[in-house]
Amino acid sequence: MTQAKRSSVFSRMVLPFALIPPIMIQFAMRDHATAYRLDAASANWEWIALLVFVAELVSVTIVAGMLRLTTPADAMPPSRPRALAIAARAAAPLWASAVVLAVPSLGALVVTHLLAHAVALRTLYLDVRDEFRLGNEVQALHVTYMVYSVPVVMWTPLLVMIFVSLRPA
């Protein structure tokens, strides 16, 4: 596929949705940081939102690359735009879960985010199974978990660094 198609997928699917969490982080920390037991003045939320935005863009790109790298030997790897579209579809529930930051409830945030991970894994699994035309469900699960584990490994230290830098309210 051409560079134009790849950038079209990125600009139409990834960029608009990846803006949701940084915008919601700014909104939540401005309007109800105490509901999340954080001191709104203790951190530079603009930089944290920017860091989250960049990490989202990088993780979608990494998932797309992992989809191409972990293709089973008997299947054709997806094209770069197709892999990017699959990665964006898998990330969409996580981006949408950031909307719950408008609700001043830590419990709602945690539950919604865990549900979003379950939906993202299910979406990725179905797309992997359909894209690679895998009849073997164990093989589809193996590829799904290999692909999903990379952004989890990337996000874990990032979130630890963010949460360690925050002061409780």
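Is E131 buried or exposed? E131 is buried, with a relative accessible area of 18%, because anything under 20% falls in the buried class. Keep in mind as you look through these close-ups that the model is predicted.

**Figure 1. R82 and E131 meet in a salt bridge.** The N and O atoms of these two side chains are 2.7 Å apart. Follow the chain from one partner to the other and you travel 49 residues, from R82 in helix α4 to E131 in helix α5, so this view belongs to the pairs that link distant parts of the chain. While E131 is buried at 18%, R82 is partly exposed, with a relative accessible area of 34%.

**Figure 2. D127 and R89 form another salt bridge between helices α5 and α4.** Here the N to O distance is 2.8 Å. D127 sits in helix α5 and R89 in helix α4, with their places 38 residues apart in the sequence. D127 counts as buried, at 6% relative accessibility, whereas R89 is partly exposed at 42%.

**Figure 3. R30 and D31 are joined by a salt bridge.** In this pair the closest N and O atoms are 2.9 Å apart. R30 counts as exposed, with 62% relative accessibility. D31 is partly exposed, with a relative accessible area of 41%. The count of salt bridges in the model comes to three.

**Figure 4. F17 and W95 form the one aromatic pair in the structure.** What makes this pair stacked? The ring centres lie 6.2 Å apart and the ring planes are at 0°, so the pair is stacked; planes under 30 degrees apart count that way. F17 belongs to helix α1 and W95 to helix α4, 78 residues apart, so the pair links distant parts of the chain. F17 is partly exposed at 40% relative accessibility, but W95 is buried, with a relative accessible area of 4%.

**Figure 5. The largest nonpolar core has 30 residues.** W95 turns up again here, among the residues with the most contacts inside the core, together with V60, L67, L124, V128 and V147. Which elements give two or more residues to this core? They are α1 (3–18), α3 (45–69), α4 (80–97), α5 (106–132) and α6 (137–165). Helix α4 provides the largest share, nine residues. A second, separate core has 18 residues, including L38, W45, L101 and W155.

**Figure 6. V60 and its contacts from elsewhere in the sequence.** Setting aside neighbours within four places in sequence, V60 is in contact with V14, L84, A87, A88, A91 and W95. Both V60 and W95 are on the list of residues with the most contacts inside the largest nonpolar core.

**Figure 7. S97 in helix α4 and its partners.** S97 counts as buried, at 6% relative accessibility. Which residues does S97 contact once its neighbours within four places in sequence are left aside? They are T112, H113 and A116.

**Figure 8. A nonpolar patch on the surface.** Four residues, W47, L50, V54 and V58, make this patch of about 390 Å². V54 lies in helix α3 and is partly exposed, with a relative accessible area of 42%.

**Figure 9. R133, a residue with a positive phi.** Its phi is about 55°, although R133 is not a glycine. Where is R133 placed? R133 is in the loop between α5 and α6. R133 counts as exposed, because its relative accessibility is 71% and the exposed class covers values over 50%.

**Figure 10. R80 and T61, two places along the chain.** Counted in sequence, R80 and T61 are 19 residues apart; in space, the distance is 9.7 Å from C-alpha to C-alpha. R80 is found in helix α4 and counts as partly exposed, at 49% relative accessibility.

Terms used:
Residues numbered from 1 in each chain as written. Predicted model: local features only at pLDDT ≥ 70, side-chain atom pairs only at ≥ 80, totals over all residues. Heavy atoms only, no water. Core = buried A, V, L, I, M, F, W, Y, C linked by side-chain atoms within 4.5 Å. Buried < 20%, exposed > 50% of the residue type's maximum accessible area, 1.4 Å probe, protein only. Helix = DSSP H or I, 4+ residues; strand = E, 2+ residues; numbered from the N terminus. Contact = heavy atoms within 4.5 Å. Patch = residues over 30% accessible without salt bridge, like charges linked within 9 Å, V, L, I, M, F, W, Y side chains within 5 Å. Areas by Shrake-Rupley, 256 points an atom, 1.4 Å probe, with all protein chains shown as cover. Phe/Tyr/Trp six-rings, centres within 6.5 Å; stacked < 30°, edge-to-face > 60°.
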